[in-house]
Amino acid sequence: MNSDEALYARVKRGDMRAFDELYARYASRLFGFLRPQLPTRADAEDVFHESLLATLESVEVTFHRGSFRTWLYRIARNRVLNRQRSHGRGQTALARLAPLEETPAGPDERLARGELLRALDGAVARLPSPLSEVYHLRSSGLSYDEMALVLGIPLGTLKSRMNQMVNVLRQELEPWTAR
Amino acid sequence: MDCTLIQGALIGYHFATLSDDDRGDVETHLVACTACLRTYLAFKAHVDRDGSGAPSGEVPGETARLRLRGAVEARFRPTPARVLGRWFATPVPLYQGVAVAAAVVLAFVLGPAVARAIHPAPPAHALERVDSARSAAESLTIY
């Protein structure tokens with residue numbers, strides 16, 4: 001299998017088959033990272049377009065300072081932040097959902113997986129931005145080292161945010177997991 | 001650990017923030033409890049986008065994909081200028097650069113001498129004999 005970096009080099013020489021392969025590799029992962037953080041699908045498509053093109057065009061991308069994936073997510077993250085700043089922090093589509101009310105059901109229902117996962121989606125949508133970022137980056141498959149590079153923070157700070165994120169989600173999901 | 005505690009720990013287990021002891025407790029329970037294992041697997045599939053796309057399976061639309069592809073193709077299509085620029089931008093080992101420069105200098109310095117050796121100019125006195133012979137011939141012409 002061709003590495004991301006090998007495909008990147010071939011795309012820059014005009015090889016569109018390499019672009020198609022690179023696109024297929026990141027279409028769902030990167031879009032999955034972007035979509036929850038942006039209000040509309042069109043915004044996510046625009047940022048996806050800008051991010052991939054900017055990564056290919058940037059003269060700063062060198063792979064001794066990070067993998068292609070790291071660069072792509074770093075640029076994508078910056079584009080998301082720029083768009084959020086220009087449009088106001090706003091709310092993602094999920095965050096517009098009202099918080100789920102704890103059902104007055106018994107323990108068996110609380111443990112129903114579908115409710116738990118829906119509750120998780122709502123809790124994630126309500127995460128503050130720094131914690132939401134680590135959730136989505138981790139969910140996109142980035143390692144801790146890659147996440148630290150993308151966010152531009154020390155590994156210790158990243159681990160601290162991960163712990164905070166887990167604690168917030170755990171508290172939010174307690175009604176669905178408590179005794 | 002009972003199931004309710006395990007359910008609460010699944011997030012920390014998935015994101016690897018549990019202590020070693022707690023992780024071990026979760027794993028021991030998951031091996032023994034199929035219900036909690038199914039819950040964890042569903043949770044993991046829901047959260048983990050690596051290779052599985054957004055939770056709803058979303059990807060950019062076909063129009064967006066074609067627009068991006070067109071932009072990339074236009075930006076990186078090989079043109080003579082880009083090919084030449086890449087050639088000049090290709091780093092060359094120092095010894096190769098010195099060898100090429102030396103070859104160019106030698107070509108300029110030795111080139112004329114080599115050309116003369118290959119195609120020597122006729123000797124000057126040969127031209128004089130032709131001229132002398134012509135004068136003699138003309139002098140013998142009876143008009």
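Start at the boundary between chain A and chain B, where the rule finds 3 salt bridges, a salt bridge being a side-chain nitrogen of Lys or Arg within 4 Å of a carboxyl oxygen of Asp or Glu. This is a predicted model, in which local features need pLDDT of at least 70 and side-chain atom pairs count only at pLDDT 80 or more, while totals for chains, interfaces and linings use all residues. Residues are numbered from 1 along each chain as its sequence is written, chains are lettered from A in the order in which they are written, and side-chain values use heavy atoms, with hydrogens and water left out.

Select B:Arg67 and A:Asp46 next, whose side chains meet in a salt bridge with an N to O distance of 3.5 Å.

Now widen the selection to the whole interface, where 48 residues of chain A are in contact with 40 residues of chain B, contact meaning heavy atoms within 4.5 Å. The two chains bury about 4,100 Å² between them, 63% of it on carbon and sulfur atoms; buried area is the accessible area (1.4 Å probe) that two parts lose on being put together, summed over both. On the chain A side, pick out A:Met16, A:His49 and A:Arg113, which lose the most area to chain B and together account for 14% of what that side buries.

Then colour chain A by helix (helices are DSSP runs of H or I, at least four residues, numbered from the N terminus). Among the helices that each supply at least two residues to the side touching chain B are H1 (4-12), H2 (16-34) and H3 (41-57) of chain A, and H2(A) gives the most, with 10 residues.

Stay in chain A and select A:Arg79 and A:Glu50, which form a salt bridge with their closest N and O atoms 3.8 Å apart. This pair links distant parts of the chain, for A:Arg79 lies in helix H4 (residues 68-87) and A:Glu50 in helix H3, 29 residues apart.

Finish in chain B with helix H6 (residues 94-118), where a kink of about 50° lies at B:Leu110, shortly before the proline B:Pro112; the bend at a residue is the angle between axes fitted to the seven residues ending there and the seven starting there.
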